[in-house]
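Subject: Handing over a structure

Hi,

Here is the structure I promised to pass on to you. Have a look at it first, and then read on for my notes.

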Amino acid sequence: MASKKNVICKQVAEALGLNFYFSNAVTQEYKLTGFVDANGNYQDTQFFHAFTEGGLFFLDEMDASIPEVLVILNAAIANRYFDFPKHGRIEANKDFRVIAAGNTIGTGANADYTGRYCLDRASLDRFALINVDYSPKIEMTIVQQDTELLKFCHAFRQVTKNAGIQCLFSYRSLDRIYKLVKQGSMSMNEIYDISLLKGLDKDDINVIKAEFGRMDPKIRDSKYVQYFLKM
């Protein structure tokens, strides 16, 4: 799930008194190891600085990283030393820490995240697995106290889950709906289409509507649900 992972990891680094280093999905070995350029100069990486100087290294989109490349990270975590180009073997700084994040649990692609790899058990075993769900406080901040919109968001997640329909109502979706509603230049049908439904067919939408019909009237009668039911 989209859950402001960067913000969380920066806060963890601050709480630990560590510098924060970051890399997105690693698809080439040199993104971790660095490389020696044509002039013989070593081009370092965020990982190099965290490993040698101490700091929290955050690998985002781990499940979009090439599994073979992650073997390098496994060795660095397990052995606390690493062989960098030109530098040779370097011992890990005592304050080197690693957090990795992904949108799956490493078992491969699913309907929501198709471009994901199945990670080997050695990679997964290096980490304690923590599920970070959506935060009601963050959501309330996004919608600026629009409790009806937030209730619709939570209800929509529940009805799509009940119906077995894959439709992601993320922070980004919530933020986009709130801003477009506030802007007032589009119809609710258009806002839902571009922010939330994104290609769901009419049958799926009708199933979702039917699920809303089974919910508590206090939720069903909110304006955002009514907008949806009238699509």
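Below is what I found, starting with the whole chain and then going region by region.

**Overall**

Please keep in mind that this is a predicted model. The protein has twelve helices and seven strands. Of its 231 residues, 41% are buried. If you take the contacts between residues at least 6 apart in sequence, 68% of them join residues at least 24 apart.

**The sheet**

A good place to begin is the open sheet, whose three strands run in the order S1-S4-S7 with parallel pairing. Strand S1 (20–23) and strand S7 (96–100) are the edge strands, each pairing on one side only. From one strand to the next, the twist averages 20°.

Strand S4 (residues 55–59) pairs with S1 in the parallel sense over four bridges, and S4 also pairs with S7 in the parallel sense, over five bridges. If you want a residue to orient by, try Leu59 in S4: Ser23 stands opposite Leu59, and Leu59 in turn stands opposite Ala100 in S7.

How many of the residues of S4 are buried? Five of the five are, so S4 is largely enclosed by the rest of the structure. In a regular strand, side chains alternate between the two faces of the sheet. In S4, Gly55, Phe57 and Leu59 point one way, while Leu56 and Phe58 point the other way, and all are buried.

**Helices on the sheet**

Two helices that pack on this sheet are worth displaying along with S4 and its partners. Helix H1 (residues 5–16) touches S1, S4 and S7, and its direction makes about 165° with that of S4. Helix H3 (residues 46–53) also touches S1, S4 and S7, with a direction at about 145° to that of S1. Within H3, the buried residues include Phe47, Phe48, Ala50 and Phe51. Just after H3 comes Gly54, which takes a positive phi of about 95°.

**Two non-glycine residues with positive phi**

You may want to check the backbone at Glu61 and Lys86, each a residue other than glycine with a positive phi. For Glu61 the value is near 55°, and for Lys86 it is near 70°. Glu61 sits in the loop between S4 and helix H4 (67–79), and Lys86 in the loop between strand S5 (81–84) and strand S6 (88–91).

Are these residues buried or exposed? Glu61 has 18% relative accessibility, which is under 20%, so Glu61 counts as buried. Lys86 has a relative accessible area of 60%, which is over 50%, so Lys86 is exposed.

**Thr33 and its surroundings**

Thr33 is found in helix H2 (residues 30–33). Its relative accessibility is 7%, so Thr33 counts as buried. What is Thr33 in contact with, leaving aside its neighbours within four places in sequence? The partners are Tyr42, Thr45, Ile72, Phe82, Phe84 and Pro85.

**H7 against H10**

Further along the chain, the axes of helix H7 (residues 147–163) and helix H10 (202–213) come within 9 Å and cross at roughly 110°. That angle makes H7 roughly perpendicular to H10. The crossing of H7 past H10 is right-handed.

On the H7 side, the residues that meet H10 are Phe152, Ala155, Phe156, Val159, Thr160, Asn162 and Ala163. On the H10 side, they are Val207, Ile208, Glu211 and Phe212. By residue type, this contact divides into eight nonpolar, two polar and one charged. An α-helix has 3.6 residues a turn, so residues three or four places apart point the same way. You can follow that pattern along H7 through Phe152, Ala155 and Phe156, which are among the residues that meet H10.

**The loop before H10**

Last, take a look at Gly199, in the loop between helix H9 (188–197) and H10. Gly199 has 74% relative accessibility and therefore counts as exposed. Where does Gly199 lie in relation to Cys167? The two are 32 residues apart in sequence, and their C-alpha atoms are 9.7 Å apart in space.

Enjoy exploring the model, and do send any questions my way.

Best wishes

Conventions:
Residues are numbered from 1 along each chain as its sequence is written. This is a predicted model: local features need pLDDT of at least 70, side-chain atom pairs count only at pLDDT 80 or more; totals for chains, interfaces and linings use all residues. Side-chain values use heavy atoms; hydrogens and water are left out. Buried means under 20% relative accessible area, exposed over 50%, partly exposed in between (1.4 Å probe, protein chains only). Axes are lines fitted to C-alpha atoms, for helices over the stretch in contact, and angles run from 0 to 180 degrees between N-to-C directions. Angles under 35 degrees count as roughly parallel, over 145 as roughly antiparallel, 65 to 115 as roughly perpendicular and the rest as oblique. A crossing is left-handed if the near helix is turned anticlockwise from the far one by less than a right angle, and right-handed if clockwise. Contact means heavy atoms within 4.5 Å. Ala, Val, Leu, Ile, Met, Phe, Trp, Tyr, Cys and Pro count as nonpolar, Asp, Glu, Lys and Arg as charged, and the others, Gly among them, as polar. Two strands pair if DSSP finds at least two bridges between them.
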